[in-house]
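Q: I have a new structure to look at and could use a short walk through it. Can we go over it together?
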Amino acid sequence: MDLLNTLVDKGLRRELPTREEALAVLATSDDDLLDVVAAAGKVRRQWFGRRVKLNYLVNLKSGLCPEDCSYCSQRLGSKAEILKYTWLKPDEASQAAAAGVAGGAKRVCLVASGRGPTDRDVDRVSKTIEAIKEQNEGVEVCACLGLLSDGQAERLRSAGADAYNHNLNTSEGTYGDITTTHTYADRVETVHQAQAAGLSACSGLIAGMGESDADLVDVVFSLRELDPDSVPVNFLIPFEGTPLAKEWNLTPQRCLRILAMVRFVCPDVEVRLAGGREVHLRSMQPLALHLVNSIFLGDYLTSEGQAGQADLDMITDAGFEVEGAGTTTLPTHRARQGDGCGSHDGGCAPCGDAPGEAAAESPGGPAARTDLVAVRRRGAGTDLAPNA
């Protein structure tokens, strides 16, 4: 179709589509879905070949967050029965990270719930970064600690952090509907602080919170303007015990259309398939590899992912290859010190995610697949081996 030919041409030239074109991708029919995937796949291969970057999450501090993000299982007042624990020690975090690196992860993402770090927290995370780098040669480290204060991004950079994650999550116009304890502008400012400090910026979104197509296009266009190196796309999994427990709005087909739209708008950026892929894409996950060039290996922050070996098998069976540690993720024109960031599924106020217990079926919507979702009970913060 003319729309897809136009979008491919623009993507190969790194030219921004119009809002109307982006909306049209989301409005395509299921009959056209494979054509949409194939078109976006051409853009993905132009800039990233058939490489898939693996990332591994380490949840440094889980639960008990003072922020009220509606999507989050760790939010203020959450009744979700997730793991709750205070800061991991640097050696504990390094041991958790090593499991992901051994499984093939190129980047370790260190996440902590909360509004933002204190200076003492930055010291603690800095020691953790140093421990991970010392024990895992060549590994990249991305920190996700919430809203940053002056000088904190520079301190993390000095400690060896390569990147910083802070998601926009949804459009500016609807941000106040999901969070009241901080603002959209607060999030934008933190991304700017990370960029100014020389950290590779990572910022993305959560789809499936009841937003409109226009909201999705708004946030992705805002991300394009913000110009992060990595754009993680999370798909909401409603946690029982949170305000969005009744939201169940996604199908595999809609998820693929959203990923294709993000690829067309951000053609040469590391697009990360993050939280919710196992639950919402299910057996269609391999098709998403034609759209994204980055995923997480194993579990997320407060929910379990599919087996790490299943991720590796999926990549191989789909005809893709795991990106090696010595390979620069971003295309040459975008590559800068620190390479490109990756994110995670969120699951904390600063980062934004939502994997966990799914709610009952929403009237008129697709059936909730609670059988596919499990609260994380292994890995960091437990005595059980991690999934990597």
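**A first look**

A: D227 counts as partly exposed, because its relative accessibility is 34%, and the range for partly exposed runs between 20% and 50%. The model is a predicted one.

Q: Where is D227 in the chain?

A: D227 sits in the loop between α9 (213-226) and β7 (230-235).

Q: What about its phi? What value does D227 have?

A: Phi of D227 is near 65 degrees, which is a positive value in a residue other than glycine.

Q: Which loop holds N169?

A: N169 is in the loop between β4 (163-165) and α7 (175-178). N169 is not a glycine, yet its phi is positive, at about 75 degrees.

Q: Is N169 buried or exposed?

A: N169 is buried, since its relative accessible area is 0% and buried means under 20%.

Q: OK, zooming out. How many helices and strands does the protein have?

A: The protein has 13 helices and ten strands.

Q: And how many of the residues count as buried, as a percentage?

A: Of the 388 residues in the protein, 62% count as buried.

Q: What does the accessible surface come to?

A: The accessible surface of the protein is about 13,700 Å², and carbon and sulfur atoms account for 48% of it.

Q: What about contacts between residues at least 6 apart in sequence: what share joins residues at least 24 apart?

A: That share is 79% of those contacts in the protein.

Q: Can you give me an example of residues that are apart in sequence but touch? Say, what does L4 touch?

A: Leaving out residues up to four places away in sequence, L4 touches D35, V36 and A39. L4 and A39 are 35 residues apart in sequence, and their C-alpha atoms are 6.2 Å apart in space.

Q: Where is L4, then?

A: L4 belongs to helix α1 (residues 2-12). L4 counts as buried because its relative accessibility is 5%, under the 20% limit.

Q: Now T128. Which helix is that in?

A: T128 lies in helix α5 (residues 119-135). With a relative accessible area of 1%, T128 is buried.

Q: And what does T128 touch?

A: Not counting residues up to four places away in sequence, T128 touches L60, P90, A93 and L110. T128 and L110 are 18 residues apart in sequence, with 9.0 Å from C-alpha to C-alpha.

Q: Different topic: pockets. How much space lies in the largest pocket?

A: The largest pocket holds about 230 Å³ of space. It is lined by 14 residues, and those closest to its centre are E92, G379, A380, G381 and T382.

Q: What classes of residue are in that pocket's lining?

A: The lining of the largest pocket has seven nonpolar residues, five polar ones and two charged ones.

Q: And cavities? How many of 30 Å³ or more turn up?

A: A search of the whole structure finds two cavities of 30 Å³ or more. The largest cavity has a volume of about 110 Å³. Of the 14 residues lining the largest cavity, Y56, L57, Y300, R376 and A380 are the closest to its centre.

Q: Which strand gives the most to that lining?

A: Strand β1 (residues 51-61) gives the most to the lining of the largest cavity, with four residues. By class, that lining has eight nonpolar, three polar and three charged residues.

Q: Last thing, aromatics. How many aromatic pairs does the structure hold?

A: The structure holds two aromatic pairs. In one of them, Y175 and Y184 have ring centres 6.0 Å apart and planes at 70 degrees.

Q: Why is the pair of Y175 and Y184 edge-to-face?

A: The planes of the Y175 and Y184 rings are at 70 degrees, so the pair is edge-to-face; the cut-off for that is over 60. Y175 is buried at 2% relative accessible area, and Y184 counts as buried at 9% relative accessibility.

Q: Which residues make the pair of F296?

A: F296 pairs with Y300, also edge-to-face, at 6.4 Å centre to centre and 70 degrees between the planes. F296 is buried, with a relative accessible area of 0%, and Y300 is buried as well, with 3%. Y300 is also among the residues closest to the centre of the largest cavity.

Terms used:
Residues are numbered from 1 along each chain as its sequence is written. This is a predicted model: local features need pLDDT of at least 70, side-chain atom pairs count only at pLDDT 80 or more; totals for chains, interfaces and linings use all residues. Side-chain values use heavy atoms; hydrogens and water are left out. Helices (H or I, at least four residues) and strands (E, at least two) are DSSP runs, numbered from the N terminus. Buried means under 20% relative accessible area, exposed over 50%, partly exposed in between (1.4 Å probe, protein chains only). Contact means heavy atoms within 4.5 Å. Accessible areas come from the Shrake-Rupley method with a 1.4 Å probe; for residues, only the protein chains shown count as cover. On a 1 Å grid over the protein atoms alone, a cavity is a set of points where a 1.4 Å probe fits but cannot get out, and a pocket is an open set with protein on both sides within 12 Å along at least five of seven lines; lining residues have an atom within 4 Å of a point. Grid points are joined across faces, edges and corners, and a volume is the space filled by probe spheres set on the points. Ala, Val, Leu, Ile, Met, Phe, Trp, Tyr, Cys and Pro count as nonpolar, Asp, Glu, Lys and Arg as charged, and the others, Gly among them, as polar. Rings of Phe, Tyr and Trp (its six-membered ring) pair if their centres lie within 6.5 Å; planes under 30 degrees apart count as stacked, over 60 as edge-to-face and the rest as tilted.
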